[in-house]
Every structure is written in structure tokens, then in C-alpha cells.
Amino acid sequence: MEKLIAQLNALDLKLSSIGFANALISYDALTQAPKKAVNARAQAMEGLSTFYYDAFITPEVKSLLDTLHEHLEELDHATKGKVRVLRDQYESLACIPAQEYAAFHALVAKSSVAWEEAKEKSDFSIFAQLLEQVISSTKKFIDYRGKDIPRYDQMLDDYEKGLTMAKADVFFDELRETIVPLLKRIQEEGMDIQKDFLDMSYDKAGQKAFSEFMMEALGFRMDAGILGESVHPFTINMSRDDVRITTRYQENEMISTIASTIHETGHALYEQNVDEDYGLSCIATGTSMGIHESQSRMFENNFGRSKAFWSQYLPKLKEQFPKQLQNVSLEAFYKAINVVTPSLIRVDADELTYSLHIMIRYEMEKRIMGEDLDVNELPKIWNDLYEAYIGIRPENDGEGILQDVHWSEGLMGYFPSYALGSAYAVQFVNAMSKEVDIDQALEDGDFKPINAWLEKHIHRFGSTKTPEEILLDATGEPFNPKYYSDYLVNKFSSVYGLS
Ligand code: ZN
């Protein structure tokens, strides 16, 4: 058995090294690489994915994983996790012919660049053809698995183990029933909230300084990561000691920058606090997109849009921006950062209407994967859904279908995890509040007890537990969306003075 475990570890290290290189290239591509780099980079990524495939998809690896799986009970927790993660990856990859797999990586590199240009020019036609190729490859790859389940169920399960359309429908129905009437009440009966001081000009240097201050205050290990800049903020990790986040600076939207930085820091803390003993490994990273998003949204919303949090940090923000904020009270600031405004752009959406944006992408993906839609029809379907759910219609593709990078990278089935993450976050906070005085910690700006709880129940396990196991073990019950809908009703009724 020892020999087999040594073989498994050697394989894991080889694959993780290629993953490391890929992540570094992706970070560079999204932040600073010159425009011309795209073709050679696509070739290099194709080459790396061939290395990966050849090292992984062999009869010897299959037999190694199968044998270890038969002796699962004899293995330690970390090794068990590796076997589970690698077997899942093997299964999804083995059925794709090597050449098609490499070509897909090259396609995705090109389509991301086309998306960026299309978004800049607000012109879907620049991106349409490549998107069509990404969609058809994705469908083909799912079909190769030959499983007797709907395509989109398989895709949901890839990002969030155990998630199906049936479960997602129940969750989104609950949200629709909560959010739509609440939004209506706010618009009809809610008090007016002033937020003009947030629309003033805030210089980029000040935003950057406050972002860095915030990361450190929240517990980000500054010698084990960096803050970069990109069009679409993201977190990428090479290892627990090299976790890179980005934000974007907009002069008239200071609070959106700070919220983005706090959000990405939440992701980064998860990665930085994985068990050190896991080293460079497939298990040394967050377990699912939903659990990952729960960590970022918890910091962004449950903490970063609370009164207790800003009782500590508003004075600091005022030191950075005295002119804009000098006469603003804590109460006024708290209400202003929680204003509800139906809008077109997902990343700028308020906490309440955010899930409506996700519902639209969920419904579109369900149709894209289940039907044979003409790619040129997608902008219209998109716009119609915005009008139906949010009550406003995009005027161009840039503020409509082109706003998100995900589809250009072949990430479909990923969006629902954003909404799910918000709901998991509330369930986690509820469990945490039984052991930690959260408001007191926020008022003191002391994230140690909060991060210790998260590390103990979530972070340290990396990918060795499934999302369902994490939720059950950390909160004592399976996923329950009721915590989230109750939280939204309580918070926003109070912000808007509704009884
Ligand atoms: Zn996120």
C-alpha cells in the first residue's frame, strides 16, 4: 500500500506543477501580458494541457486510482481526498480525445481575448462565432461521458458536487418568492436613502491604499499573495503561499472597489488557510465553487456591509477621504452601502437583487445546454429576461450579454454557485454565531476568532470534504436556504424602515 500511495503522491505533484504553471500564465494574461502575446500563449497552454493529459490519462493511472479506491478505508484523510478528487477528474477527462482536449484549451485562450474586444466595443458579433465553438465543444465533452443524465445536471455537479437542476429550481423558486415581493415593497413603501457622497470622485491611489489596508486587516497574509488590477476582479492561487487577487478602480465608484477587494480577500483567506501539510496538491484548494463563494460573500456582505464592521472602519476610510466623507454618520453610511437599485450589471448589483442576475444566467444556460439555440439569438433572450425579472432592458451588448467573462472561458454551470454561496454564507454565519460574538469581533476589527472558526470548520480541509460534508459538519444540518431568505427579509426591511 505504501508504494501505491507514493505513486499517487508523485502523480499528484506532477499534475499540480502543471496546474501551477497554468494558473501563473492565466494571472499574467488577465493582468499585464501584452496584447500580442495571445497566440504564443495559446500554443503554450495547448502544450501544457497535452503534458497534463499524457501524464494523467493512462491505463496505469486508472488502475492505481481504482486499486486505492478499493482500499479507501485503510487510507488517511488527505490520501482519501486525493483519490476522490483525482478519480473525478480522471472520469471527466478520460473520455475526451487528447487532441480535442488540447484544441479546447487553445480555443478558450482565443475566445477570452475576443470577448474582451467585443465587450470593449459593445459588439457581440466579434465574439459570437468563438462562443458557438466553446458551447458545441462543451456539449460534446459532456456527451462523451455517456451518462444517462441531462447535460446541465452534469455541469452543475462538476462545480458543485451533488447539485442538480431539480435542487437549483427549488432554491431559486424560494429566492424569487422572497426577493420579488420584497423589492416591490421597498420601491413602494421604503424610505429614501441618500447616497450622493458615494458617487463623488475618489482618487485611485487612495482606493488602492485602503484596499491594501483592508486586506491585511481581514487577515490576508501579505507575504503570501498580492493585489493586482484587472477588468474583472478575480482570485487565483498557485499554492497556499501564493494567492493573488485583483480589483478594479473606478473614480466614481469607490465602494464598489472596496467591496470587490473584500470579496476577493474572502476567497483568498480560504486558499491561504488550507492545511499546510497538504503542500502542492490537488486537495490544497477550495472544495467547490459554492463553498468558495460562501467565503467571499460572507466577507463582502455579511461582514463588509454590516454596521458593526463600519463602526470600526468608517473612521479609517474618513482618514483616507476626509473631503468626501467628513460629515457622513455611521447610520447614513450603512444605509448608503445597502441601497437597493435594480441594475444591469451583475458585479455592481446590490446584495438583494444580486441573485436575480444569477437566476437569469441559470435559465439561459439551462436552455443553451438543453436546446439547440442559435447563438445570435442569445442577446435578445438575455435582454428579455432582464426586462422580465429586473424591469430594465440593456441598451447594448456591453451592458448586456457581454458583461461576464465566464462563458468565454468555457465556464458553464458555474453561475448558480454564486447565489448558492450567498445562501451557504448565512447558514455558516448562523452556526458561527453560537461560538463567536461576531458583532463584537467586527466592532473591534478583530478577525482572529472569525478566521479561526472558518479555518477549523472549512478552510483547513481544502478539497478533502465535499460541499455537503462541509455544510453538515460545520453547521449540523444539510443546506437550508431558509436562513438566507429570512436574513434578506430582516436586513432589508430594517434598512428601508419597513415594519
Ligand atoms: Zn467570487
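## The zinc site

Let's start at the metal: the four donor atoms around the zinc ion subtend angles of 49 to 121°, which makes the arrangement irregular. Four donors would count as tetrahedral if all angles lay between 85 and 135 degrees, and as square planar if opposite donors were over 155 degrees apart and all others between 65 and 115; six count as octahedral by that second rule, and anything else is irregular. This is a predicted model, where local features need pLDDT of at least 70 and side-chain atom pairs pLDDT 80 or more, while totals for chains, interfaces and linings use all residues. Residues are numbered from 1 along each chain as its sequence is written, and side-chain values use heavy atoms, with hydrogens and water left out.

So who holds the zinc? The protein donors are His263 (NE2), His267 (NE2) and Glu293, which is listed twice through OE, and they lie 2.1 to 2.8 Å from the ion. Donors here are N, O and S atoms within 2.8 Å of the metal (3.2 Å for Na, K and Ca); water is not among the atoms, so sites may look incomplete. Along the chain, the spacing reads H-x3-H-x25-E. His263 sits in helix H10 (residues 254–272) and Glu293 in helix H11 (residues 289–303), so the pair ties together parts that are 30 residues apart in sequence. Helices (H or I, at least four residues) and strands (E, at least two) are DSSP runs, numbered from the N terminus. Both His263 and Glu293 are buried, meaning under 20% relative accessible area (exposed is over 50%, partly exposed in between; 1.4 Å probe, protein chains only).

## A covered strand

Strand S3 (residues 242–247) is mostly covered, with six of its six residues buried. Asp242, Arg244 and Thr246 point one way, and Val243, Ile245 and Thr247 the other.

S3 runs parallel to strand S1 (residues 225–229), joined by five bridges, and Ile226 stands opposite Arg244. Strand S2 (residues 235–239) runs antiparallel to S3, with four bridges; pairing takes at least two DSSP bridges. S2 and S3 form a hairpin with two residues between them.

## The nonpolar cores

The largest nonpolar core (buried Ala, Val, Leu, Ile, Met, Phe, Trp, Tyr and Cys residues joined through side-chain atoms within 4.5 Å) has 113 residues, and Phe309 and Trp310 are among those with the most contacts inside it. Helix H17 (residues 416–432) gives the most, with eleven residues. A second, separate core has 34 residues, including Val61 and Cys282.
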